[in-house]
Amino acid sequence: MTGLDVTGLEGRGLDERGLDVSGLEVRGLSVAVRGRTLVDDVSWSAPAGQITALVGPNGAGKSTMLRAIAGVVPERARRSGEVLLGGERLDALPGRERARRVALVEQLADAVPQLTAREAVRLGRTPHHRMLGFAIGDDALVEAALAEAGATALAERRLGELSGGELQRVHIARALAQQPLAGAPPAAASSALLLDEPTNHLDVAWQLDLLELVRRLAADRPVVLTVHDLALAATHADRVVLVDRGRVVAEGGRDAVLTPDRIRAVYGVDATIEAHPDGVAIRYRRMDA
Ligand SMILES: Nc1ncnc2c1ncn2[C@@H]1O[C@H](COP(=O)(O)OP(=O)(O)OP(=O)(O)O)[C@@H](O)[C@H]1O
């Protein structure tokens, strides 16, 4: 089981207030579309070197938050607040530069079935070029990204033939290729990886595989993932941010955030939480049962 030490930031870039400026920090972020508030003045942080799980009921605003951090908002949306990475304001950066710093792997990431995995990963280099095209060094970065995501063996396969788990790896490789010097820390310390429901549609073995990959990637960058399985979040994440109706209900270590009281208040179900040496198990019951 992963330790959940929210104060374990020694050796990281702390500013004079003790905040981790090498990580991702969301400050007062709001997103509204046609007068409806989807994300309501949320503030939370995701330190580099840790996995931060964003959890909450359907429609709570998790995907909208990740998209807003990556600079993607719905049409006619109004966004306010700040997003900092390594102490630098991301929302002030041009889109292309921002895309190099923050990579988002979406739930239903669009996949052109005819593309090979290698071609799809190459597209990750797009924010590094003025026009569509490739530069010297791209090939090596693409191969490094494929290797880092454990997708080298898939390079020549077409996306349309891949399983959900294989496709997820290719999407992660593309996200890594999008960032500066993929696979070459410490430059990667100034980039962040956002994964929207990365374990969706994966069988348990693929889930564990993916979470091991995510753990490796989190070694030198902040990784934020959304997940519905609270036991998985409690077992594999270092930090948990609980979201409900566009707001942050709680943020911090597993024990502090995922309590039966909070689960009841947010999801409307009773939960029994058991910590085991190899993970956390949660049983749910209807409140009136
Ligand atoms: N483009 C959009 N225009 C208007 N409303 C939107 C748009 N995208 C999302 N919403 C609304 O914003 C709210 C939050 O959606 P979001 O997808 O962020 O939630 P979520 O927590 O990721 O949900 P889930 O767990 O079901 O994926 C929902 O009520 C959704 O209907």
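In the predicted model, helix H1 (residues 62-69) provides the largest share of the shell around the ligand, namely three residues. The full shell consists of Val 33, Leu 38, Gly 56, Asn 58, Gly 59, Ala 60, Gly 61, Lys 62, Ser 63, Thr 64 and Pro 74. Sorted by class, six of these residues are polar, four are nonpolar and one is charged.

Helix H1 itself is largely enclosed by the rest of the structure, because seven of its eight residues are buried. The buried residues of H1 are Lys 62, Thr 64, Met 65, Leu 66, Arg 67, Ala 68 and Ile 69. Lys 62 and Thr 64 thus appear both in the ligand shell and among the buried residues of the helix. After H1 comes Gly 71, with a positive phi near 90°.

The chain as a whole contains nine helices and 12 strands. Of its 289 residues, 42% are buried. When contacts between residues at least 6 apart in sequence are considered, 67% of them join residues at least 24 apart.

Six strands make up an open sheet of mixed pairing, in the order E6-E7-E8-E3-E9-E10. Its edges are strand E6 (102-105) and strand E10 (247-252), each of which pairs on one side only. On average, neighbouring strands in this sheet are turned by 15° against each other, direction ignored. Strand E3 (residues 51-55) and strand E9 (residues 239-244) run parallel and are joined by four bridges. In this pair, Val 55 is placed opposite Leu 242 of E9.

At the E6 edge, strand E6 is joined to strand E7 (residues 192-196) by four bridges, and the two run parallel. Leu 104 is positioned opposite Leu 194 in E7. In a regular strand, side chains alternate between the two faces of the sheet. Strand E6 is covered on both faces: Val 102 and Leu 104 are buried on one side, and Ala 103 and Val 105 are buried on the other.

Leu 194 also links this part of the sheet to the nonpolar interior. The largest nonpolar core comprises 68 residues, and Ala 173 and Leu 194 have the most contacts inside it. Helix H5 (residues 164-178) gives the most to this core, with seven residues. Beyond its neighbours within four places in sequence, Leu 194 is in contact with Leu 66, Ile 69, Ala 70, Val 102, Ala 103, Leu 104 and Val 224. Among these partners, Leu 66 and Ile 69 are buried residues of H1, while Val 102, Ala 103 and Leu 104 are buried residues of E6. In soluble globular proteins, nonpolar side chains tend to be buried together.

At the other edge of the six-stranded sheet, strand E10 includes Gly 252. Gly 252 counts as partly exposed because it has 16 C-beta neighbours inside 10 Å. The C-alpha atom of Gly 252 is separated by 5.3 Å from that of Arg 239, although the two residues are 13 apart along the chain. The loop between E9 and E10 holds Arg 245, a residue with a positive phi of about 45° although it is not a glycine. Arg 245 is partly exposed, since 15 other C-beta atoms lie within 10 Å.

A further open sheet has four strands with antiparallel pairing, in the order E2-E1-E4-E5. Strand E2 (36-46) and strand E5 (88-89) each have a single partner strand and stand at the edges, so one side of each is left without a neighbour in the sheet. Strand E1 (residues 24-33) runs antiparallel to E2 and is joined to it by seven bridges. Glu 25 is placed opposite Ser 45 in E2. The two strands form a hairpin with two residues between them. One residue of the loop between E1 and E2 is Arg 34, which has a positive phi near 45° in spite of being a residue other than glycine. Arg 34 counts as exposed because it has 9 C-beta neighbours inside 10 Å. At the E5 edge, strand E4 (residues 77-85) pairs with E5 in the antiparallel sense over two bridges. Leu 85 is positioned opposite Glu 88 of E5.

Notes. Residues are numbered from 1 along each chain as its sequence is written. This is a predicted model: local features need pLDDT of at least 70, side-chain atom pairs count only at pLDDT 80 or more; totals for chains, interfaces and linings use all residues. A residue is near a molecule or strand if its C-beta atom, placed from the backbone, lies within 6 Å of it. Ala, Val, Leu, Ile, Met, Phe, Trp, Tyr, Cys and Pro count as nonpolar, Asp, Glu, Lys and Arg as charged, and the others, Gly among them, as polar. A nonpolar core is a set of buried Ala, Val, Leu, Ile, Met, Phe, Trp, Tyr and Cys residues joined through C-beta atoms within 7 Å. A residue is buried if 20 or more other C-beta atoms lie within 10 Å of its own, exposed if 12 or fewer, and partly exposed in between; C-beta atoms are placed from the backbone. Two residues are in contact if their C-beta atoms, placed from the backbone, lie within 7 Å. Two strands pair if DSSP finds at least two bridges between them. Axes are lines fitted to C-alpha atoms, for helices over the stretch in contact, and angles run from 0 to 180 degrees between N-to-C directions.
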